[in-house]
Amino acid sequence: MTLIQEIDYGTPASKAEKTVRLVIDGNTIEVPEGTSVMRASMEAGIQVPKLCATDMVDAFGSCRLCLVEIEGRNGTPASCTTPVSEGMVVHTQTGRLKDIRRGVMELYISDHPLDCLTCAANGDCELQDMAGAVGLRDVRYGYEGDNHVKARQNGEANPRYMAKDESNPYFTYDPSKCIVCSRCVRACEEVQGTFALTIEGRGFESRVSPGMHESFMNSECVSCGACVQACPTATLTEKSVIEIGQPEHSVVTTCAYCGVGCSFKAEMRGEEVVRMVPWKDGKANRGHSCVKGRFAWGYATHQDRILNPMVREKITDPWREVSWDEAFAHVAKEFRRLQFQYGKGSIGGITSSRCTNEETFLVQKLVRAGFGNNNVDTCARVCHSPTGYGLGKAFGTSAGTQDFDSVEHTDVVILIGANPTDGHPVFASRLKKRLRAGAKLIVIDPRRIDLVRSAHVEASHHLPLRPGTNVAVLTALAHVIVTEGLFDEAFIRERCDWSEFEDWASFVADPAHSPEATEVYTGVPAEELRGAARLYARGGNGAIYYGLGVTEHSQGSTTVMAIANLAMATGNIGRPGVGVNPLRGQNNVQGACDMGSFPHELPGYRHISGTEVRDVFEKLWGVELNPEPGLRIPNMLDAAVDGTFRGIYIQGEDILQSDPDTKHVKAGLEAMECVVVHDLFLNETANYAHVFLPGSTFLEKDGTFTNAERRINRVRRVMSPKNGLADWEVTLKLAQAMGLDWSYAHPSEIMDEIAATTPSFASVTYQMLEEKGSVQWPCNEAKPDGTPVMHLDGFVRGKGKFIRTEYVATDERTGPRFPLLLTTGRILSQYNVGAQTRRTENVAWHGEDRLEIHPHDAEQRGIHQDDWVKLASRSGETALRATITERVAPGVVYTTFHHPGTQANVITTDFTDWATNCPEYKVTAVQVSPSNGPTAWQQDYEAQATRSRRIATEDALEPAE
Amino acid sequence: MSPDKLRYQANQIATFFASQPEAEQIEGVADHINKFWDPRMRTQLFEIADQSAEGFKPMVVAALEKIRRPELAKGSQ
């Protein structure tokens with residue numbers, strides 16, 4: 001194993017199709033027009049010395065090291081800012097160039113500390129490399145004059161010296177090592193799009209400054225790590241590198257946080273992670289990252305991890321550590337007992353959207369083939385199940401239509417119920433880059449999310465709808481498109497059923513659906529909505545991106561259909577730059593759904609009632625499959641309370657914290673006789689478990705994740721599982737203990753089984769992923785290279801289907817007792833229930849859930865900033881501290897659900913989407929009042945959790961030595 | 001699940017299909033319940049509806065004859 005060295009071409013690639021030929025140091029090379037001389041040289045294998053250039057940002061031309069001579073031109077132009085031209089003859093190394101470069105390096109080094117041996121960047125420093133490359137042997141200016149290096153000089157404090165900024169938990173800023181190449185400033189602007197950094201001062205005084213001469217932690221910095229990656233010296237350095245030293249080998253793998261699915265190089269020393277660096281060739285992230293994937297991996301070695309299996313008879317007992325064999329035997333015995341006693345359908349399983357495709361496949365196989373029922377579900381139930389249903393109905397397949405690169409061709413983006421700068425930050429950066437290049441943005445969201453207006457980005461329209469009125473707003477957009485004749489008739493006639501369109505068009509054209517009529521209850525000004533509709537329909541390539549603000553409603557599925565209608569009506573499907581793009585929450589939600597995690601369908605979205613499909617699996621697995629749909633998660637909990645559902649195997653999901661109406665979830669879990677939790681930590685659900693099977697992290701196993709763009713990415717093991725077994729091995733051994741004749745030596749064999757049974761994965765093998773890096777399904781004989789954009793020539797279902805979308809108000813209404821609407825969401829630094837991110841330094845940004853409330857609502861209730869407030873709904877009540885902000889509209893409050901202490905889900909109700917039972921997290925009628933601190937319920941919860949987490953120590957039983 | 005919740009969820013499905021073209025309404029409700037409700041939920045649906053159709057939307061009642069009646073006893077699926 002070696003350290004993967006990515007070639008830095010100095011400037012970004014040109015996308016021009018036309019090529020030009022030139023000669024560099026005697027080598028003839030052909031490159032796309034618009035390529036820089038520097039990049040062309042590197043492509044010819046000639047590295048021109050450079051400091052301020054790197055291919056993640058545009059050329060800047062400030063370091064004066066990359067100068068070249070070009071025949072027929074005067075002077076020594078910078079190769080990074082000089083584009084190639086036909087017939088150009090370039091010399092990169094002449095006596096004149098050597099002298100200039102050495103002179104420049106002398107100046108740099110005269111104001112740089114000479115502590116190379118003890119410097120964290122030793123071995124990975126471009127300044128050091130360039131000093132070597134230009135043959136610097138002497139610094140004629142000495143080191144005694146004005147400088148930024150020495151804290152004290154001539155017995156006095158040096159006013160130019162600035163101490164290290166160590167405020168960020170993950171990296172340090174050491175101004176004394178800065179060469180002011182401004183790569184960090186440009187990375188923050190061009191790659192991340194936050195504009196947190198600048199160069200303050202002029203001439204010798206200039207230096208990098210976060211915000212207005214603030215510390216990194218107090219500035220707008222979002223800790224994405226792009227600046228650290230861009231820095232050529234030790235000025236910006238990962239604290240882990242400072243602590244451990246330089247890595248010696250690296251392995252490319254996939255981030256286990258959000259659905260963007262960024263590729264990273266895990267840079268290692270032995271089995272210790274030194275740092276995670278985004279991989280330039282990663283097709284989802286193109287070399288970018290966010291604070292979670294880049295830095296928040298410390299949970300993998302956190303002391304809270306449970307490494308031994310544990311069993312207990314009652315949930316009030318302390319845990320007892322047992323061997324793996326004992327744990328498997330216990331679960332097998334209990335599950336068989338329950339099935340004997342209460343029927344075959346009395347047990348089930350939940351697959352994890354955080355685990356690999358292979359692991360998910362095995363869990364659903366265990367349920368269907370081993371338990372003999374279809375009681376398997378996944379956390380997509382509570383997030384994107386309406387996407388599966390809605391897009392399946394409209395297009396014939398349950399997936400986003402585009403790849404992330406598509407956004408580079410988009411002219412108008414509609415963003416609905418998603419907050420990408422927090423939830424999908426790397427995609428947000430790519431979106432912002434496109435917006436800065438001129439694309440237009442329409443935001444449909446009750447909150448004024450960052451993208452509505454932030455540095456160099458401003459939405460053309462923000463439709464601040466009342467929570468729960470999505471369908472009315474989208475149907476009103478359709479009304480404008482139809483009644484103003486903005487639809488794409490040619491596309492509809494060719495790709496959809498014209499009579500279905502006419503039926504739908506007459507439905508949406510009803511004046512009751514007009515923006516003017518719906519404004520009364522949606523709260524969206526009609527004129528603003530009309531403007532948005534016109535822009536989307538006629539603004540060029542229109543793409544819709546949406547999140548859980550669409551799906552987590554009682555009309556979630558209807559909203560997804562309304563989105564599909566809009567895209568079809570305007571012809572925005574089937575080419576780069578357009579489409580319908582669900583932003584998936586967890587790393588492998590797409591994959592978990594693909595792998596047959598839903599109770600009604602086998603892998604590849606094929607209904608369990610289909611004889612032919614069942615036949616494929618029955619032959620291979622040697623069992624008869626049950627043709628009836630199984631229980632969904634909310635149904636399992638209901639059935640548990642009714643007494644017909646008694647045991648469950650939950651892999652990597654914390655339903656007690658993440659699912660709505662905590663009290664109901666608790667009642668369901670308490671009613672079961674054998675709850676098996678398979679997780680990294682004793683999560684909240686484990687408080688009600690009888691068996692705990694320790695899990696492994698993404699760093700400890702092989703497999704694949706499928707991201708929101710259907711991209712199948714490899715996950716590669718970089719360290720041994722601390723618990724002894726990778727998660728797929730745990731399921732395998734559990735199946736074996738239950739008498740199933742399974743044998744898999746490696747996850748690649750599971751993928752082979754997936755490919756053999758699932759047409760959209762037919763050509764996928766680990767060898768292929770090794771060769772191609774990644775591939776987007778469908779990938780089969782018809783599409784050997786995968787499918788970046790779907791529905792190119794026709795919809796998967798044949799004709800696209802227009803479906804009427806009648807707005808039905810949710811029954812969750814505000815009234816005198818609960819006058820405010822609560823909506824929930826996420827924050828950048830935390831992930832989902834926070835089980836991982838709370839166990840990292842990310843708590844520095846978000847140590848507690850806060851209630852966002854508008855100043856008017858706060859004032860009426862006598863609530864001040866940071867006050868404790870009680871949040872109550874008809875389901876329950878909790879207390880947390882308030883943040884007063886105009887980001888939320890009057891009448892709306894907002895919180896996150898990252899911390900178990902808050903348990904925001906004790907507030908949410910049991911209303912669900914009509915089609916899929918996806919919970920209505922986004923709308924709860926609440927009251928907010930001043931409070932002194934945590935409620936009695938929170939205190940009881942905390943006490944129960946602490947009691948439940950006790951582990952009996954063996955030592956007490958052993959004789960003293 | 002509680003009879004009220006079951007009735008509520010069945011009616012929610014009917015509410016969606018009420019806005020669909022008339023020919024697809026009853027078929028749509030029945031098909032949806034057949035596809036997504038596990039047998040014990042359908043058993044419970046019939047247990048309640050066989051006694052009294054009160055509280056169910058007419059479209060749910062009309063769809064009943066097209067909904068597959070589970071043969072096996074409760075919990076055995």
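These questions and answers go through a predicted model of two chains, A and B, and ask what backs up each label.

Q: What makes chain A as compact as a globular protein of its length?
A: Set the radius of gyration against the globule rule: chain A comes out at 29 Å, and the rule gives 30 Å for 961 residues, so the two are close and the label holds. Along the principal axes, the C-alpha trace spans about 90 × 90 × 65 Å. Inside that, chain A has 29 helices and 38 strands, and 58% of its residues count as buried. Of the contacts between residues at least 6 apart in sequence, 72% join residues at least 24 apart.

Q: And what makes chain B as compact as a globular protein of its length?
A: Same kind of check. The radius of gyration of chain B is 12 Å, and the globule rule gives 11 Å for 77 residues, which is close, so the description fits. Chain B has four helices and zero strands, and its C-alpha atoms fill a box of roughly 35 × 20 × 15 Å. Here 42% of the 77 residues count as buried.

Q: How do you know that chain B is in contact with chain A?
A: Contact calls for C-beta atoms within 7 Å, and 20 residues of chain B are in contact with 26 residues of chain A. On the chain B side, the elements giving two or more residues are α1 (3-18), α2 (22-36) and α3 (39-51). The largest share, four residues, is from α1(B). By class, that side has eight nonpolar, eight polar and four charged residues.

Q: Why is Arg286(A) called buried?
A: The cut-off for buried is 20 or more other C-beta atoms within 10 Å. Arg286(A) has 20 C-beta neighbours inside 10 Å, so it counts as buried. Its place is in the loop between β13 (272-278) and α7 (291-295) of chain A.

Q: Why is Asp866(A) called exposed?
A: Exposed means 12 or fewer other C-beta atoms within 10 Å. Asp866(A) has 10, so it is exposed. This residue also lies in a loop, the one between α28 (855-860) and β35 (868-872) of chain A.

Q: What makes the phi values of Arg286(A) and Asp866(A) worth a look?
A: Most residues other than glycine have a negative phi. Arg286(A) has a positive phi of about 50° without being a glycine, and Asp866(A), also not a glycine, has a positive phi near 70°.

Q: How do you know that the peptide bond from Trp777(A) to Pro778(A) is cis?
A: Look at omega, which is near 0° for this bond. Most peptide bonds are trans. Pro778(A) sits in the loop between β32 (774-776) and β33 (820-825) of chain A.

Q: How is the packing of α13(A) and α17(A) described?
A: Two packed helices are described by the angle and the distance between their axes. The axes of α13 (residues 470-483) and α17 (residues 526-538) of chain A come within 9 Å and cross at roughly 65°, and the crossing is right-handed. Among the residues making the contact are Val473(A) and Leu477(A) of α13(A), and Leu529(A) and Arg530(A) of α17(A). By class, the contact has nine nonpolar, no polar and two charged residues.

How values were computed. Residues numbered from 1 in each chain as written. Chains lettered and ligands numbered in written order. Predicted model: local features only at pLDDT ≥ 70, side-chain atom pairs only at ≥ 80, totals over all residues. Contact = placed C-beta atoms within 7 Å. Nonpolar A, V, L, I, M, F, W, Y, C, P; charged D, E, K, R; others polar. Axes fitted to C-alpha atoms, helices over the stretch in contact; angles between N-to-C directions. Left-handed = near helix turned anticlockwise from the far one by under 90°. Rg over C-alpha atoms; globule rule 2.2 N^0.38 Å.
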